[in-house]
2 protein chains.
Amino acid sequence: MSPSHERRQPVMADVAVRAGVSHQTVSRVLNGHPNVRAETRARVLQAIEQLGYRRNMVARALVTKHTRTLGVVSFDTTLYGPASTVYGIEQAARAAGYFVSMVSLRTIDRAGVRDALDYLAEQGVDGVVVVAPQRSAARALTDMPTGVPVVAVGAGHTGDVSVVSVEQVEGARLATRHLLDLGHETVWHISGPSDWLESEGRVQGWRAALAAAGRPAPDPLPGDWSPRSGYRAGLRLAAMPEVTAVFVGNDQMALGALRAFAERGVRVPEQISIVGFDDIPESEFFTPPLTTVRQDFGAVGRCSIEVLLRQLEAGPEWSHERHVVPPRFVVRASTAPACP
Amino acid sequence: MSPSHERRQPVMADVAVRAGVSHQTVSRVLNGHPNVRAETRARVLQAIEQLGYRRNMVARALVTKHTRTLGVVSFDTTLYGPASTVYGIEQAARAAGYFVSMVSLRTIDRAGVRDALDYLAEQGVDGVVVVAPQRSAARALTDMPTGVPVVAVGAGHTGDVSVVSVEQVEGARLATRHLLDLGHETVWHISGPSDWLESEGRVQGWRAALAAAGRPAPDPLPGDWSPRSGYRAGLRLAAMPEVTAVFVGNDQMALGALRAFAERGVRVPEQISIVGFDDIPESEFFTPPLTTVRQDFGAVGRCSIEVLLRQLEAGPEWSHERHVVPPRFVVRASTAPACP
DNA sequence: GCAGGGAATGTGAACGCTAACAACGCGGCG
DNA sequence: CGCCGCGTTGTTAGCGTTCACATTCCCTGC
């Protein structure tokens, strides 16, 4: 309202006048161009300071063709895994001088991913990382028309884009082996939603470990990552006396299962051993503390930015990269030797 | 590399040529200007379609002076509360046609908030919402030099900016009253970090309820929101036979306390009743299921965007708004009448 | 003393869009 | 018949940068 409020932001030309140089010299100072006399640079810097000048990134982006903004498309950032990954991404991106523009999908389908990518491309992001470990999302990525580099997090080897993910199969194998080594006859499994690649990888690792030990693989009980689905599966398992060991697809479902067992008077780990996946901060304080497979989501996020940045500077010459970060097995109190 | 890859994106002029009109007419079509003949509009639309033209938002922003991007600065988006709030914000913003640019702080201090705001302002965001319920963050907001509208989430009535938050005091009062009504002599409290406004509000509500009932208020045990800190406090409480009811600052600490009680053989709710705060998705499956105070983080996020948008269109004439969303008390199995 | 060269600086033209105004065509009215 | 006015379209001028190139300056070496 007041004139002082309406006084427009100073622009480069204002700084130039004040410093007694041309706008181009101001630009050079701002961009750290070497060929500027120290004395001139100081004068420009002073003028900038006095005027409170700030470079207009929009105008800059118009000519340079890049916005120093990265897009992130993710599914349900309310979940611990995606949230942590996105956090890692944001930190790494900012450290590298990039902004992060977010799109959270509420459902994952080809159209959703496509729209998100379009949306971000329209805004002019320099690259995007897609945190959407569903098979449908991975497929949606295969023929994306956007000119921007894309890296996928948690997707399988879809071939078309760079991928960074946690070695799910290995983690599941570790968990299952642990249970087997404890003397359990076989290991049951509560799985995640079938269209999640992570879910698939865990089933695969579990099956592999069982097969390697020559044990039968029972049918996995289907879950959807939620504690409630783990609870329901747990109820079923609790009614089956032959069950002594369960590998659960994630920690939240493990919590639900724990609850079901507690309600049915099944004692963990005395009667049933249970292993989760993820190692959310709460797991250590479950009743009992949960043995689980830790995923370093932060590392995944950081790694994805490294790959993306590399791709950015490589230009159209980049080749797809594939990175796998190893899981870590964490033994706590929810597993015990089988009673003979 | 190949020429087909290097063919630059079509621009408005290309569309104009193809449609046999001027670029300005294309602009008019894109912006839904009324005075364009239907037949012309159709021709332009067709040309856009054929060329796969996409408007360059950067160039547009340069002249319109707004980017249709909102900034979000938040603290540790790994936590359920902030993550959910940010999710709500993102959804609401996108529904309104805005992008969301994120900055996650790893520590909250005046300089950090300031830098984040500067950073976003430089990028040209139209407005920003700050999800940083620490007192220090709230203070940092009081004299922000940026010309962009700001709304704070979870901050107290700092006077200088619009605020939307959950009524913490009321929630804490509800929780404490519930415990008192159950016949408990008094209620102990495990608090959050002292510089969080939410923490403060909960202490305040707890104290008020106690005072209203004429009960003494024990010293609150300090925590930091983490399950571990709740565990430590729980250990101390377990050693005090006079403790029969505890109101815990959040669900994660409550989980820790539950664990401590379990280890010490203190039975919940038979010997000690416990109430949490937040209602994270896991709480329902704790052992025992946790009685808690639900915060609707999503609603907070959405509301903050509504306020911000209102502020945007009101221009410099806006007056600060203050919105409070009510909590909801959820009774589960962690509380029981005091044994006389 | 002057040509040559590199460092320092300035100039003009984009970048792709929108805003303001100008121009055009057409029908109705005096 | 000519003029006004309105709906429609075109023209021009920026927005605030950077880039490519031109220019100036000063120093060096013969």
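This passage describes a predicted model, taking in turn the DNA surroundings, the relation between the two protein chains, and one sheet of chain A.

DNA strand C is surrounded by 25 residues. The closest of these are A:Ser22, A:Asn35 and A:Thr40 from chain A, and B:Met12 and B:Ser27 from chain B. Two helices in each chain give two or more residues to the surface near the strand: helix H3 (23-30) and helix H5 (57-64) of chain A, and helix H3 (23-30) and helix H5 (57-64) of chain B. The largest share belongs to H5(B), with five residues. By residue type, the surface near DNA strand C consists of 11 nonpolar, 11 polar and three charged residues.

For chain A, an unreviewed UniProt entry lists residues 10-64 as "domain: HTH lacI-type". In the model, this span is 69% helix and 0% strand. The C-alpha atoms at the two ends of the span lie 21 Å apart.

The arrangement of the two protein chains was examined by superposition. Chain B is superposed on chain A by a rotation of 180° with 0.0 Å of shift along the axis, and the RMSD is 0.1 Å. The two copies are therefore related as by a two-fold rotation axis. Within chain B, the residue that comes closest to this axis is B:Ser101, whose C-alpha atom is at 2.2 Å. Of the interface residues of chain B, 98% are also interface residues in chain A, so the copies meet through the same surface.

Chain A contains an open sheet of four strands, in the order E7-E6-E8-E9, with parallel pairing. Strand E7 (221-222) and strand E9 (273-275) of chain A stand at the edges of this sheet. Each has a single partner strand, so one side of each is left without a neighbour in the sheet. In general, the strands of a sheet pair through backbone hydrogen bonds, and the pairing is either parallel or antiparallel. Strand E6 (residues 188-191) and strand E8 (residues 245-248) of chain A run parallel and are joined by three bridges. A:His189 has A:Phe247, in E8(A), as its bridge partner.

Two helices of chain A are placed against these strands. Helix H10 (residues 197-212) packs on the sheet and touches E6 and E8 of chain A. The direction of helix H10 makes about 175° with that of E6(A). Helix H9 (residues 168-181) of chain A lies across E8 and E9 of chain A, and runs at about 170° to E8(A). Strand E8 of chain A is thus touched by helix H10 and also has helix H9 lying across it.

Conventions: Residues are numbered from 1 along each chain as its sequence is written. Chains are lettered from A and ligands numbered from 1 in the order in which they are written. This is a predicted model: local features need pLDDT of at least 70, side-chain atom pairs count only at pLDDT 80 or more; totals for chains, interfaces and linings use all residues. A residue is near a molecule or strand if its C-beta atom, placed from the backbone, lies within 6 Å of it. Ala, Val, Leu, Ile, Met, Phe, Trp, Tyr, Cys and Pro count as nonpolar, Asp, Glu, Lys and Arg as charged, and the others, Gly among them, as polar. UniProt positions are given in the numbering used here, feature names are shortened, and annotations may be inferred rather than shown by experiment. Copies are superposed by least squares on the C-alpha atoms of residues with pLDDT of at least 70 in both. Two residues are in contact if their C-beta atoms, placed from the backbone, lie within 7 Å. Two strands pair if DSSP finds at least two bridges between them. Axes are lines fitted to C-alpha atoms, for helices over the stretch in contact, and angles run from 0 to 180 degrees between N-to-C directions.
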